[in-house]
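The exercises below are meant for a reader who meets this protein for the first time. Please look at the sequence and the model first, and try each task before reading its solution.

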Amino acid sequence: MSSIYIQIASYRDPDLWNTIKNAIESSSKKRSLHISVVDQYSDEDKFEDIRKNFKKLKVSDFCKLSYKKVHYTKTKGVCWVRHLLNKKYQGENYTLQLDSHHRFVKDWDSAFVKMYRDLKKEGYKKPLLTTYCPAYIQQTEERFEFATQMDFDRFTPEGAVFFSSGVIPDWENRELPVPSKFISGHMIFTDGKFCQQVPYDPHYLFHGEEINLTVRAYTHGYDLFHPHKPVVFHEYSRSHRPRKCWDDDPSWNKKNEKSHLRNRKFFEMDGEPKDIDFGEYDLGKKRTIEDYEEYSGVRMRTRSVQQHTLDLHHSPNPIKKSSRKYEKSFLPVFKHCIDIGYDQVPLDDYDFWCVAFKDLKGDDVYREDASAEEIKHMKDDPDGYCKLWRTFEAKYKPHSWLVWPHSISKGWLNPITGNL
C-alpha cells in the first residue's frame, strides 16, 4: 500500500475538522494516509476536538493523525508552521500540502496518483501538481466544478508576486495536467521527498512564500503542472474564520516588512544584494534562475514579465534565451491598487481625480486621471471603499502615488498621498 503525507497548516479555523474528515471519507482507502496538523489555536475558540473526533472515525487501519497545537501568540507565521510540518515527514511516497479549509472529490488520492504517474510516463522525472483550487462555499458546501490555473497578476511594491485564478481552457477534454508557471501554497501534490529537498524557509512570514517556493522547486528539478480535473476545493472568503494572523499580532506589519526584505534579497530585486547565506533554503542545482525566467517569462530582479505570460498562456514560453528578442521581451509592468476610504472622498459631484505615480524627486512617472464615471463605479464597490487600479510600464518601481480630487462645487480638494 502506497502512502500519502498530508500537511495541514491551520490558524484559528473552525473548518479544520471538516477538512480532515472530508479528506479521510473521500479517499479511496487504497493508500495509507498520514495527516499532520499544526493548529495555531486560541482558548477563546470553541472548535471541534480534533483528537477526540479522529478516534471516533475508527480509521486506524489506513490513517493516522499527528496533531500539534501552537498557541496563536507563539506562532512565527505560516511558513514557520509549514517548515515544522516538513520536518514531520516519515518517508511516505507522496505528500499533499493544504490549508485547513478544503473539500475533496471522491477518490481524490487515486486522481492525484494517476495524474502523477501519467506525467512520469511522459518523461517528467519529478512532476509536481499545484493550483489555486476551485472554490467551495463553507456555509452551503456549494462547489465550483472546473479545473483551474494560476495566472500572473502583478508584482507588489514590496516585491512579492500576486497571482490570480483562472479556468484552464478546454479542461473537460484534456487528458493530462497542463504546465504551470507557479506553485500555490494551499495545494501541492508531489513526491514525498519534496519535504526534504525543498523545505520551507521558516524566515518568511506570509507574502513571497509562493514565488520563493516556485523558483526553488523548479531549480531543484521539479516540473510544475496544474491538475486538468478538479480534485480539491478551497474556501477563499475567510468569512467563517473569526480572526486572521494580521488581526491578532500588533507587530505583524514589522515582521512582514522583514520578510519582504528577505524575499527581495533572495531575488536581488530593486538593487538589493544577496548578502544572506540562505543555506538549505537557497536555489537548487538542477536548473538556474535564468532557466526559470525562460520557462515562465517572469524575471523577479527587474520586476518584468513577458507578453506571453501576461496573456495567460501556458509555459514553456516561446521566446528563448538564444533569441535576439529575448532581453527586450521582458516588460517592466507595474500594476497597483490604491485604496481610498469613502470617508476620504465624501462628496457626490466629483468630475475627475488627478491620479499620478511619482519618483523619489516628486516627478511624475505616470499619470492617468479618474473620470466621473470611474469614480461613480468605485464609490459603489460592495467592499465599502474605492479600489483605484492602474497598470503601466515603468523601468523602476515608483516611490509614491497621489490622488487629487476635483469637485464641481468646491474645485480642488486636499490631495491624498501614499508611499509605495
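**Exercise 1. Which residues does Met300 touch, not counting residues up to four places away in sequence?**

Before the solution, a word on the source: this is a predicted model, in which local features need pLDDT of at least 70 and side-chain atom pairs count only at pLDDT 80 or more, while totals for chains, interfaces and linings use all residues. Residues are numbered from 1 along each chain as its sequence is written, and side-chain values use heavy atoms, with hydrogens and water left out.

Step 1. Take a contact to be heavy atoms within 4.5 Å. With residues up to four places away in sequence not counted, Met300 touches Phe155, Gly159, Val161, Ile211, Phe267 and Met269.

Step 2. Place this residue in its surroundings, using the definition of a nonpolar core as a set of buried Ala, Val, Leu, Ile, Met, Phe, Trp, Tyr and Cys residues joined through side-chain atoms within 4.5 Å. Here buried means under 20% relative accessible area, exposed means over 50%, and partly exposed lies in between, with a 1.4 Å probe and protein chains only. The largest nonpolar core has 44 residues, of which Phe182, Phe194, Ile211, Phe267 and Met300 touch the most other members.

Step 3. Ask which elements contribute, where helices (H or I, at least four residues) and strands (E, at least two) are DSSP runs numbered from the N terminus. Among the elements that give two or more residues to this core are strand S1 (3-11), helix H3 (78-87), helix H6 (209-219) and helix H8 (252-267). Apart from this core lies another, of 37 residues, including Ile6, Val113, Met115 and Val232.

**Exercise 2. Describe the protein as a whole, beginning with its elements and its dimensions.**

Step 1. Count the elements: the protein has 11 helices and 23 strands.

Step 2. Compare the dimensions with a simple rule, in which the radius of gyration is taken over C-alpha atoms and the globule value is 2.2 Å times the number of residues to the power 0.38. With 420 residues, a compact globule would have a radius of gyration near 22 Å, and the value of 23 Å for the protein agrees with this. Along the principal axes, the C-alpha atoms fill a box of roughly 75 × 55 × 45 Å.

Step 3. Turn to burial and contacts. Of the 420 residues, 55% count as buried, and among contacts between residues at least 6 apart in sequence, 74% join residues at least 24 apart.

**Exercise 3. Is Glu209 buried or exposed, and which residues does Glu209 touch?**

Step 1. Locate the residue: Glu209 lies in helix H6.

Step 2. Judge its cover: because its relative accessibility is 10%, Glu209 counts as buried.

Step 3. List its contacts. Not counting residues up to four places away in sequence, Glu209 touches Val78, Cys79, Arg82, Gln97, Gly185, Tyr200 and Tyr204. Glu209 and Val78 are 131 residues apart in sequence, yet 9.1 Å apart in space from C-alpha to C-alpha.

**Exercise 4. Examine helix H9 and the residue that follows it.**

Step 1. Look at the helix, which is mostly covered, since 6 of its 8 residues are buried. These are Ile289, Tyr292, Glu293, Glu294, Tyr295 and Ser296.

Step 2. Move on to Gly297, which sits in the loop between H9 and strand S13 (298-299) and takes a positive phi of about 75 degrees. At 0% relative accessibility, Gly297 counts as buried.

Step 3. Find its partners. Leaving aside neighbours within four places in sequence, Gly297 is in contact with Tyr292, Ser304, Val305, Gln306, Thr309, Asn317 and Phe330.

**Exercise 5. Where does the backbone take less common values?**

Step 1. Recall the background: most residues other than glycine have a negative phi, and most peptide bonds are trans.

Step 2. Consider two positive phi values in residues other than glycine. Phi of Asp270 is near 55 degrees, and this residue, in the loop between H8 and H9, is partly exposed with a relative accessible area of 38%. Phi of Arg303 is near 50 degrees, and Arg303 counts as buried at 8% relative accessibility.

Step 3. Finish with the peptide bond: a cis bond joins Ser315 and Pro316, with omega about 0 degrees. Pro316 is found in the loop between helix H10 (307-310) and strand S15 (330-331).
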